[in-house]
Amino acid sequence: MKIRDNARKDEQQRDAGRDRWPVDGTTGQPLEPRAQPGYYPGYHTLSQQAFWDEATRKVVLARVHDVPPIRFFSPEEARLMQAICDRLLPQDDRDEEHRIPLVNYIDTRLYHRRIDGYRYEDMPPDHEAHRLGLQAIETIARHMYDRSFVDLGQGEQDAVLQTIHDTNPPAAQDIWQRMSVQRFWMLLMQDVVDAYYAHPYAWDEIGFGGPAYPRGYMRLEGGKPEPWEVEEQRYEWRAPDEALSDTYRPVGGPGGHKQQPSGQEGTH
Amino acid sequence: MLGPIQKIDFPMHHFAPDEEVDVCIVGVGSAGGVLIQRLARAGFRVVGMEAGPFWETERDWVSDEAGSSKLYWNDLRITGGKDPITLGANNSGHGVGGGSVHWAGFTPRFHPSDFHVLSSDGMGADWPISYEDLKPYYELLETEIPVSGPAYYPWGDPHGYIYGPHPLGGVGDVLVKGCTQLGIPVVAGGPVAILAGSHGDRQHCIYRGFCIQGCKVGAKQSTLISHVPDAIRHGAEIRANCMVSRINMKNGRTTGVTYFDPDGHERELKAKLVIVSGYAIETPRLLLNSACPGFEQGLANSSGTVGKYLMVQIGNVVLGRFEEPIRMYKAPPAHALTEEFYETNPKNDFIRGFAIQTVGPLPIAFAKQMLVAKGAWGWGMRRVMMDYNHWAALGVLGEILPWEDNRVELAEETDQFGLRVAKVTFNLHDNDKKIAQAGVKKTTEVMQAAGAQEVVQESRYAHLVGGARMGSDPNTSVTNSFGRTHDIPNLYICDGSLLPTQGSANPGLTIQALAARTADYLISNAGDVLSSHPERISVTNPPVRRNLSPAGTANKGVPRFV
């Protein structure tokens, strides 16, 4: 009985996973999780590490091999944060071994109280903002579906998060009195992309060259790959049917006249 | 070691703990680096205080976006107003070399028109100097940095560059192609503070695209590699990891500074002259935090303008997706631009204008742009990022005028030293918004003319100047044109906070040129400024000293009659 239960559970789990896989744009079939999604199969920045300088190699390899423990979030908060990150930057197309641990890196920043050198006057400190944000997301989930965020389906979870993206959250108004919805969305997403696109697996996925000192580049024009880079091999895919995040609409929602956030990074 | 082949192979001089020095410079960044080099060469006994570390570049810097955050001023500041500006990585440095460590390195000169915006256009401010006053210093710094660029540069005061330009990368291709289609003049390969060929003990560019993460190669100039070694060779001392907390005063004169040493102990440095070079946030903050009896509103603030007229530039990024790959992570982000729309055009409903420049965001920066520009998240973020190599990014660089309500004040909150942190308030005004709009529109046209299938944009700001502006009238400015404060004869300011207006040019070259000019003023008046009567100034129009450049950089380029 127990064995059958377990088998059914496995099956359910696998099936529960399948509907989260992106879909082949041509066949309509779910795309099996793979070690390296993206259009650059066979391209591995880590394979070039012998050509990197010592200081960079140390920093990047530590990112891959020494994942920091959770110290800021409580176990319950970490579980909720994981569920949120799974929607803000889904990795269902990656196999287990090649998923990028976003929560650990966000947790580490908050644990060390590392900030980017400023705080908006209408925001609490980053670590408080994240705690309040978790409470708010859970409150919205219960308001919309009467269930905890972690127990919702992917479409429901997306719908909860989209209310924040659209700066139109239907609940937790006491929290939004204390911090700007839009700035919280920006903070959350910036932390998520900071963690994901710092990882060599993400560089492989998007065909970014990664560390390039002291070797440098020789082929600058025409988008040509270096001899150790690879040509793009595109494939058509679409997000799972239930997901809401594969269409683009401005922060603040469609047709809104809300002020757009301004960018954070230095470029010029 | 600074870069793979540049070494500082001589010991740094250390002044005795209670020894009074001639000059204390607070902040060894773009301005402080040039200033300390010149003053040391001229024989001044000079100490530079730097809140951040003295970088050992090969050990401390990485070829990695996320690993480079230590290059920025990451301590708390509060930002607000109707259009709050982002700080930190966007526009501040921490460590010897300051912001010049992570600037992209575009080094255009200001145009002659920049120096009389108020007289010509009825808004903004006039400088107490003209372009001609600064021109010889532009020429000097362009060889000291040195600046690579086109043989002929058509805008402002047309001139050429003696160090050869860089080859084009994918984004430069897009800019040149788009501009050419529309008949817009454009230059390629500079002007940029990056070596296209080897120079002395520095190497040439390897086109890896990590300029704003600090150039490990040593090809991109920072004052850490171009001026600081020469300063140390000539007896300057730099006290790194030392945070100045207060400028000390006695009988209306400064007597030096109080600072926290690397172990957190409070110490004092006595100096005959203090020069504040902390940039547009920390300079006003220090002046305000140094308030004392007789200077209740902060030092050098009888005009009430300390902290005011702060400026950033319109820095919107216009992003275009192309069918063919671009791979914009290669080549220096800064390598082609047009200043065709820089000047006031009577046909516009605004004064002044903008430039269009190449930028080259690496993946994290690009993801954050897409977060705003497309509202991307979730699978949409994953999808657009998989197309990273198909996107090109152009930066609008637009002039924001100086407004009194854009300012630095002190917040109630304090930092780890117990010092009140800066509170920055910023509002865009009508003219600023119109420039942003026009800049985005024109840049979008250029992107489309180059063949982009999809064009989106992200609003943001670039650079940071003003906050302690120079001027002829002590009632509306903090210093004279040499950075000498109107109120305190032996207190000077020398950094980007002096700028009354900013044009649509990246401010780095102008900041360094102004520092060389201030140095000449101090050197010509050394007998006065180091005496017990620093208020006496004998030489009000000091000659340009061409013999103070760092070793190996002087007397190069176009022959001149002396």
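**Exercise 1. Get to know chain A: what share of its 268 residues counts as buried, and how do its elements run?**

Solution. Start with burial: 55% of the 268 residues of chain A count as buried. Keep in mind that this is a predicted model. Next, count the elements: chain A has 9 helices and 3 strands. Then put them in order from the N terminus, which gives α-β-α-α-α-β-α-α-α-α-α-β. Finally, look at the contacts in chain A between residues at least 6 apart in sequence: 71% of them join residues at least 24 apart.

**Exercise 2. Find the residues that touch the most other members of the largest nonpolar core, and follow one of them outwards.**

Solution. Begin with the core itself, which has 237 residues; A:F149, A:Y197, B:L39 and B:M381 touch the most other members. Now ask which helix of chain A gives the most to this core: helix α8 (residues 181-196), with 11 residues.

Pick A:Y197 for the next step, and leave aside its neighbours within four places in sequence. In chain A, its contacts are A:L89, A:A202, A:W203 and A:I206. In chain B, A:Y197 is in contact with B:P363, B:I364, B:A367, B:M381, B:R382 and B:M385. To finish, note that there is a second, separate core of 9 residues, which includes A:L31, A:Y39, A:Y43 and A:A243.

**Exercise 3. Decide whether B:D387 is buried or exposed, and list what it touches.**

Solution. First locate B:D387: the residue sits in the loop between α10 (378-386) and β13 (391-398) of chain B. Then apply the cut-off: B:D387 counts as buried because its relative accessibility is 10%, and buried means under 20%. Next, collect its contacts, not counting residues up to four places away in sequence: B:D387 touches A:Y39, A:R234 and B:R321. For B:R321 you can add a detail, a polar contact of 3.0 Å between its side chain and that of B:D387.

**Exercise 4. Describe the second largest pocket: its volume, its lining and the elements behind it.**

Solution. Take the volume to begin with, about 730 Å³. Of the 30 lining residues, A:R20, A:D86, A:D92, A:E96 and A:R99 are the closest to the centre of this pocket. Now turn to the elements that give two or more residues to the lining: α1 (2-18), α3 (75-88) and α6 (154-165) of chain A. Among the contributors, α3(A) gives the most, with 5 residues. Last, sort the lining by class, which yields 12 nonpolar, 7 polar and 11 charged residues.

Conventions. Residues are numbered from 1 along each chain as its sequence is written. Chains are lettered from A and ligands numbered from 1 in the order in which they are written. This is a predicted model: local features need pLDDT of at least 70, side-chain atom pairs count only at pLDDT 80 or more; totals for chains, interfaces and linings use all residues. Side-chain values use heavy atoms; hydrogens and water are left out. On a 1 Å grid over the protein atoms alone, a cavity is a set of points where a 1.4 Å probe fits but cannot get out, and a pocket is an open set with protein on both sides within 12 Å along at least five of seven lines; lining residues have an atom within 4 Å of a point. Grid points are joined across faces, edges and corners, and a volume is the space filled by probe spheres set on the points. Helices (H or I, at least four residues) and strands (E, at least two) are DSSP runs, numbered from the N terminus. Ala, Val, Leu, Ile, Met, Phe, Trp, Tyr, Cys and Pro count as nonpolar, Asp, Glu, Lys and Arg as charged, and the others, Gly among them, as polar. A nonpolar core is a set of buried Ala, Val, Leu, Ile, Met, Phe, Trp, Tyr and Cys residues joined through side-chain atoms within 4.5 Å. Buried means under 20% relative accessible area, exposed over 50%, partly exposed in between (1.4 Å probe, protein chains only). Contact means heavy atoms within 4.5 Å. A polar contact is a pair of N or O atoms within 3.5 Å; within protein, one must be able to donate a hydrogen and the other to accept it, and residues adjacent in sequence count only if both atoms are side-chain atoms.
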